[in-house]
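Trainee: I've got a model open and a pile of labels I don't fully trust. Can we go through them one at a time?

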Amino acid sequence: MVNINFSEKLPLSPLHWLMADKTGESIVVESTLSGLHVYDNPVHVLTNNPEFPGQLRNLANYSNVAPAQPKNTLVPGVDLNLYSRGLGTHFLPGGMDSASRFVKVAFVRAHSPQGNNELSSVTNYFHILHSVEQPKGTDEVGPNSYEYTIYSDGTNLETGTFYYTNYENNQINAIELNKENLNGDELIDYKLIEKQTINYQN
């Protein structure tokens with residue numbers, strides 16, 4: 001929100017913020033050269049640049065993407081071999097760039113099932129996030145240097161439960177914030193569980 005580097009090793013990033021409330025409504029806040037902007041967010045997702053109005057405009061380029069198999073409008077009357085499931089999503093972008101990830105996460109969120117309890121909702125939520133995560137080695141930012149998804153997280157605003165996964169451990173971990181003294185004056189921290197958790201069944 002301010003034009004100050006966090007440190008010499010952590011320069012200022014052009015961040016964008018998504019803020020949501022218990023109703024499920026959300027807004028986007030962006031601080032740009034033209035000032036601070038606040039937008040209603042009808043798709044309830046966000047990635048970084050380009051600026052949010054451009055991200056929404058870009059969605060029109062993919063308005064025919066669908067979970068269902070496509071109807072043959074290319075050569076009507078010709079029996080085309082729909083050789084694979086998922087051809088309705090054929091033109092969904094799959095790049096690591098933020099514009100591609102915005103389109104993909106908007107599609108996945110719009111078509112993901114609604115959970116009927118907290119466990120299924122949290123499971124669905126992390127499937128949405130993981131559909132656009134960046135694995136190591138796929139987004140080069142410099143010689144032998146790559147951007148990747150360090151962690152994914154979310155909070156249930158009703159129960160005060162914070163959920164997270166990180167790159168080294170994709171098990172969903174939970175911290176129940178309401179079990180802590182949230183009015184205290186001491187910092188509470190939890191050690192990240194960074195070792196992969198595998199359930200060996202034999």
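Mentor: Sure, we'll take the overall picture and then some individual residues, bearing in mind that this is a predicted model.

Trainee: How many helices and strands are there, and in what order do they run?

Mentor: The protein has three helices and eight strands. Reading from the N terminus, the order is β-β-β-α-α-α-β-β-β-β-β. The C-alpha atoms fill a box of roughly 70 × 55 × 45 Å along the principal axes.

Trainee: What share of the residues count as buried?

Mentor: Of the 202 residues, 24% do. The accessible surface is about 14,900 Å², and 53% of that belongs to carbon and sulfur atoms. On the charge side, there are 12 positive and 22 negative side chains, with the centres of the two sets 8 Å apart.

Trainee: Which residues touch the most other members of the largest nonpolar core?

Mentor: Val45, Leu59, Leu92, Phe102, Val105 and Phe107 do, in a core of 14 residues. Helix α2, residues 98–111, supplies the largest share of this core, with six residues. Take phenylalanine 102: leaving aside neighbours within four places in sequence, its contacts include Val43, Val45, Phe52, Leu56 and Leu59.

Trainee: Next up is glutamine 134. Why is this residue called buried?

Mentor: Glutamine 134 has a relative accessible area of 6%, and buried means under 20%, so the label fits. Glutamine 134 is found in the loop between α3 (118–130) and β4 (140–142). Beyond four places in sequence, the residues in contact with glutamine 134 are Met96, Arg101, Asp139, Glu147, Tyr148, Thr149 and Tyr167.

Trainee: What makes the pairing of glutamine 134 with aspartate 139 a polar contact?

Mentor: Their side chains are joined at 2.8 Å. The cut-off for a pair of N or O atoms is within 3.5 Å, with one able to donate a hydrogen and the other to accept it. The value passes the distance test, and the pair is listed as a polar contact.

Trainee: And serine 112, buried or exposed?

Mentor: Serine 112 is buried: its relative accessible area is 18%, and the limit is under 20%. Serine 112 lies in the loop between α2 and α3, where its side chain reaches the backbone oxygen of valine 108 at 2.6 Å.

Trainee: How do you know that asparagine 144 counts as exposed?

Mentor: Asparagine 144 has 73% relative accessibility, and exposed means over 50%, so the label follows. Asparagine 144 is found in the loop between β4 and β5 (145–146).

Trainee: What about the backbone at asparagine 144? What is its phi?

Mentor: Positive, about 55°, although asparagine 144 is not a glycine. Histidine 44 is also a non-glycine residue with a positive phi, about 60°, and its place is in the loop between β3 and α1.

Trainee: Why would anyone flag a positive phi or a cis bond?

Mentor: Because most residues other than glycine have a negative phi, and most peptide bonds are trans.

Trainee: Where is there a cis peptide bond in this model?

Mentor: Go from asparagine 49 to proline 50: that bond is cis, with omega near 5°. Proline 50 is found in the loop between β3 (35–40) and α1 (52–58).

Trainee: Last one: why is glutamine 69 called partly exposed?

Mentor: Glutamine 69 has 23% relative accessibility. Buried needs under 20% and exposed needs over 50%, so glutamine 69 goes in between. Its place is in the loop between α1 and α2.

Trainee: What does the side chain of glutamine 69 reach?

Mentor: Two backbone nitrogens: that of glycine 86 at 3.1 Å and that of leucine 87, also at 3.1 Å. Glutamine 69 and glycine 86 are 17 residues apart along the chain, with their C-alpha atoms separated by 6.3 Å. Leaving aside neighbours within four places in sequence, glutamine 69 is in contact with Leu82, Ser84, Arg85, Gly86, Leu87 and Gly88.

Key
Residues numbered from 1 in each chain as written. Predicted model: local features only at pLDDT ≥ 70, side-chain atom pairs only at ≥ 80, totals over all residues. Heavy atoms only, no water. Helix = DSSP H or I, 4+ residues; strand = E, 2+ residues; numbered from the N terminus. Buried < 20%, exposed > 50% of the residue type's maximum accessible area, 1.4 Å probe, protein only. Areas by Shrake-Rupley, 256 points an atom, 1.4 Å probe, with all protein chains shown as cover. Lys, Arg positive; Asp, Glu negative; His and termini not counted. Charge placed at Lys NZ, Arg CZ, Asp CG, Glu CD. Core = buried A, V, L, I, M, F, W, Y, C linked by side-chain atoms within 4.5 Å. Contact = heavy atoms within 4.5 Å.
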